[in-house]
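Here are some notes to read alongside the structure, written for someone meeting it cold. Have a look at it before going on.

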Amino acid sequence: MIWTVVLAGSLGCYLLKYAGLAASPAILERPAVRRAVELVPAAMLAALVVVQAFTDRQALVLDARAAGLAAAVVALLLRAPFLVVLLVAGGVAALVHALA
Amino acid sequence: MSESAEGWRRRTTRDSLGVGLAVGLYGAAFGAAATASGLSVLQTCTLSLLMFTGASQFALVGVLGAGGAPVAAVASAMMLGARNTLYGLRLASPLGLRGLRRAVAAQAVIDETTAMALAAPNTAALRLAFTVTGSSLFVGWNLSTLAGALGSGLLGESAQVALDAVVPAAFLALVWPRLRHSSTDRAVAAGGALVALALTPVVPPGVQVILAAAAVGLGFGRWRR
């Protein structure tokens, strides 16, 4: 079952990449296509942020991950590089967990 | 002239290699998160080799780890992977590849390679940035995935907590540039986050993310037309 998910998801993601390189760039000139491709990831990434930070299966929870996320926001506002953002988030979450 | 050309070659190569190295921690976090979600080390490493697009991989193992349906896991990965199609459309003409070379290059059409390529000052630099970033990312991502997958069993409780916090922070860092530059993206992101939280208690794990993205992303696109 997991293998099916791994292989089907990988094939699907590869075909999406290949489609972009192989398709006519004229598709991008269709406003509906362009907006959908640009806006769906923004909505989805934001949804993933809160789901990964504030939920546990079907429950809404507030734990050390929230502190880590807040620290990540501060790091991003200070224009820290990607790696530093992750280190700060992880470090603060571990610290809050240890203190709590 | 040749000196400045040498200059940008060196700069492009250095920056591109740097991006490949910086992704290491993210890859290790993925390896550990995937095995914690119930994937074997081989399945985890296969994902990094064949899927090779971080956000989709995290989304897929996140849905599986939360007990979500296989279809929801694949759909989440593909919805996030759809932005690579947009990148490909932008890169197709400057890369100018055909046949087998295009088929191989397609695997490297992701956030980081696109960002580095589109920041290059000319077409030759764009191709160099794409190639070097893609190669170093592929090596770094897969090695760090393996390290994370093998090392996750050795992690203590604090390290597990830290890792749990790294995942949402990584998604936030991915969406952050969009939030900084576009008020439309900010509205869409806020909507997506709220809808996902509201749906979490009432739909199976993973489905809330898909519904939030579809409703808000597509809905907002139509409304703005």
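The points below go from confidence, to chain A, to the contact between the chains, to one helix of chain B.

1. First, keep in mind that this is a predicted model. The predictor gives the complex an ipTM of 0.91, along with a pTM of 0.84. For chain B, the mean pLDDT is 89, with 96% of the residues at 70 or more.

2. Where in chain B is confidence lowest, and where is it highest? The low end is helix 1 (residues 2-22) of chain B, with a mean of 76. The high end is helix 3 (residues 41-50) of chain B, at 98.

3. On to chain A, which has four helices and two strands. Going along the sequence, they come in the order α-α-β-β-α-α. Chain A is more spread out than a compact globule, because its radius of gyration is 19 Å and the globule rule gives 13 Å for 100 residues. Along the principal axes, its C-alpha atoms fill a box of roughly 55 × 40 × 25 Å.

4. Staying with chain A, 46% of its 100 residues count as buried. Take the contacts in chain A between residues at least 6 apart in sequence: 29% of them join residues at least 24 apart.

5. Now for how the chains meet. On the chain B side, 85 residues are in contact with 67 residues of chain A. Several helices of chain B each supply at least two residues to that side, including helix 2, helix 6 (99-106), helix 10 (183-199) and helix 11 (207-223). Helix 5 of chain B gives the most, with 19 residues. By type, the chain B side divides into 58 nonpolar residues, 20 polar and seven charged.

6. Helix 4 (residues 54-65) of chain B deserves its own point. Does its length agree or disagree with what its 12 residues should span? It agrees, because 1.5 Å a residue leads to an expected 16 Å and the end C-alpha atoms are 16 Å apart.

7. Is helix 4 of chain B mostly covered or mostly open? Mostly covered: 11 of its 12 residues are buried. Among them are B:Gly54, B:Phe58, B:Leu60, B:Val61 and B:Leu64.

8. What do those buried residues of helix 4 of chain B pack against? Their partners come from both chains: helix 1 (2-22) and helix 2 (31-54) of chain A, plus helix 2 (24-36), helix 3, helix 5 (70-95) and helix 9 (157-181) of chain B.

9. One last detail to look up in the model: just after helix 4 of chain B, B:Gly67 has a positive phi of about 85°.

Technical notes
Residues are numbered from 1 along each chain as its sequence is written. Chains are lettered from A and ligands numbered from 1 in the order in which they are written. This is a predicted model: local features need pLDDT of at least 70, side-chain atom pairs count only at pLDDT 80 or more; totals for chains, interfaces and linings use all residues. pLDDT is the predictor's confidence in each residue, from 0 to 100. The expected span of a helix is 1.5 Å times one less than its number of residues. A residue is buried if 20 or more other C-beta atoms lie within 10 Å of its own, exposed if 12 or fewer, and partly exposed in between; C-beta atoms are placed from the backbone. Two residues are in contact if their C-beta atoms, placed from the backbone, lie within 7 Å. Ala, Val, Leu, Ile, Met, Phe, Trp, Tyr, Cys and Pro count as nonpolar, Asp, Glu, Lys and Arg as charged, and the others, Gly among them, as polar. The radius of gyration is taken over C-alpha atoms; the globule rule is 2.2 Å times the number of residues to the power 0.38.
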